[in-house]
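This report looks at the pockets of one protein model and at the residues that line them.

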Amino acid sequence: MPVTILGIESSCDETAAAVLINGQIMSNVIAGQSVHEQYGGVVPELASRAHQANIVPVVTVALSRAGISLADLDAVAFTQGPGLLGALMVGTAYAKALAISLDIPLITVHHMQAHILAHLIEDPKPAFPFLCLTVSGGHTQIVRVNSAMDMAILGQTIDDAAGEAFDKCAKMLGLPYPGGPLIDKYAAQGNAQAFDFGEPKIQGLDFSFSGFKTSVLYFLQEQTKKNPDFVKNNLNDLCASVQRGIVEILLRKVKRAAKETGISRIAISGGVSANTALRKNLTDMGVALGWEVFIPKFEYCTDNAAMIAITGYQKFLAGAFARYDVVPMARIPGIYI
Ligand code: KG4
Ligand code: ZN
């Protein structure tokens with residue numbers, strides 16, 4: 001029997017819907033929210049309002065691109081958390097209403113598990129177990145993925161997430177939000193060895209970015225005192241050097257995790273896995289160390305609903321359905337629900 005699942009994502013500033021039939025993505029629609037650019041970060045109330053305006057059209061387009069109607073759905077999967085509560089409430093209320101009115105199962109999805117299971121959308125898919133570096137605006141984790149439903153966090157950030165580090169450094173360089181992709185863009189023309197911001201000394205497989213960020217801040221303050229045009233004159237080199245610094249912090253721990261676990265299938269996921277230097281340096285490291293490296297397509301790196309639908313499919317097959325009175329959760333400990 002074919003299984004048709006609608007996935008809904010609304011945890012931050014993307015309203016997204018995707019249709020999956022028998023494990024195949026048939027449509028993947030995303031509405032972004034440019035309203036936050038002028039504020040230098042996501043404004044939760046504005047995000048909720050934009051989700052409210054976008055959710056019906058986004059789902060309508062996802063269904064029509066997949067060539068199906070609501071009556072064809074077998075289940076609705078949605079992001080229960082973690083994320084912004086008001087934003088999550090929009091997706092949750094919509095998914096619940098749909099499931100109740102169609103009398104079909106409702107499936108809750110953990111946003112970070114979904115980023116990892118984005119690797120099951122298309123070939124080549126990593127065999128289990130694999131290690132996944134999950135790097136987004138809110139999280140930085142190294143996860144041992146034993147199966148779609150069994151994962152363990154081996155290390156995580158003790159302060160900022162990698163995406164946050166990119167965005168905050170970008171802000172110091174006068175770039176608008178979200179600055180991560182802009183650092184990536186300017187870095188392409190710059191010298192990554194131009195400046196050195198140091199490496200945090202943090203034990204085990206955990207990460208820290210606050211010292212790195214402070215070091216960038218002090219360096220910029222010192223240089224602009226001497227020359228007010230320092231940032232403008234060195235933007236490309238600054239971006240390339242910041243990018244190198246963050247990527248080095250990430251890959252040092254990935255290398256250590258691979259050595260400690262003996263696992264040589266290495267995947268990356270989350271918004272920061274769209275970063276050019278991270279993708280290239282991980283690929284090079286994989287060749288040098290004999291790893292099998294898995295990097296998702298750009299559209300499955302940043303927030304999307306295809307990853308929610310594929311996670312929903314795994315949970316559908318496992319019979320892991322939610323009650324209709326389920327509520328969103330801004331924080332969910334662990335990596336799956
Ligand atoms: O996974 P995601 O789309 O949303 C969250 O769940 O947070 O990740 C968003 C983060 C932002 O911090 C953004 O600046 C960063 O991913 N990002 C990048 C790039 N594309 C997105 N950072 C560096 N280079 C990129 N190309
Ligand atoms: Zn995300």
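In this predicted model, the second largest pocket is lined by 17 residues, and those nearest its centre are Gly138, His139, Gln141, Gln156 and Arg331. Two strands, β7 (140-147) and β8 (150-156), each contribute at least two residues to the lining of this second largest pocket, whose volume is about 300 Å³.

The largest pocket has a volume of about 1100 Å³, and among the 39 residues of its lining, Cys12, Asp13, Gly137, Asp167 and Tyr177 are the closest to its centre. Helices α3 (111-117), α4 (162-172) and α5 (180-187) each provide at least two residues of the lining of the largest pocket, and α4 gives the most, with 6 residues.

Where does the largest pocket lie with respect to domain 1 and domain 2? Residues of domain 1 (4-117 + 301-317) and residues of domain 2 (127-296) both take part in the lining of the largest pocket, so this pocket lies between the two domains.

The table sets out the lining of each pocket by residue class.

| Pocket | Nonpolar | Polar | Charged |
|---|---|---|---|
| Largest pocket | 12 nonpolar residues | 18 polar residues | 9 charged residues |
| Second largest pocket | 6 nonpolar residues | 8 polar residues | 3 charged residues |

To draw the picture together, the largest pocket is lined by residues from both domain 1 and domain 2, with α4 as the element that gives the most to its lining, whereas the lining of the second largest pocket includes at least two residues from each of the strands β7 and β8.

Methods
Residues are numbered from 1 along each chain as its sequence is written. Chains are lettered from A and ligands numbered from 1 in the order in which they are written. This is a predicted model: local features need pLDDT of at least 70, side-chain atom pairs count only at pLDDT 80 or more; totals for chains, interfaces and linings use all residues. Side-chain values use heavy atoms; hydrogens and water are left out. On a 1 Å grid over the protein atoms alone, a cavity is a set of points where a 1.4 Å probe fits but cannot get out, and a pocket is an open set with protein on both sides within 12 Å along at least five of seven lines; lining residues have an atom within 4 Å of a point. Grid points are joined across faces, edges and corners, and a volume is the space filled by probe spheres set on the points. Helices (H or I, at least four residues) and strands (E, at least two) are DSSP runs, numbered from the N terminus. Ala, Val, Leu, Ile, Met, Phe, Trp, Tyr, Cys and Pro count as nonpolar, Asp, Glu, Lys and Arg as charged, and the others, Gly among them, as polar. Domain bounds come from an automatic or database domain assignment.
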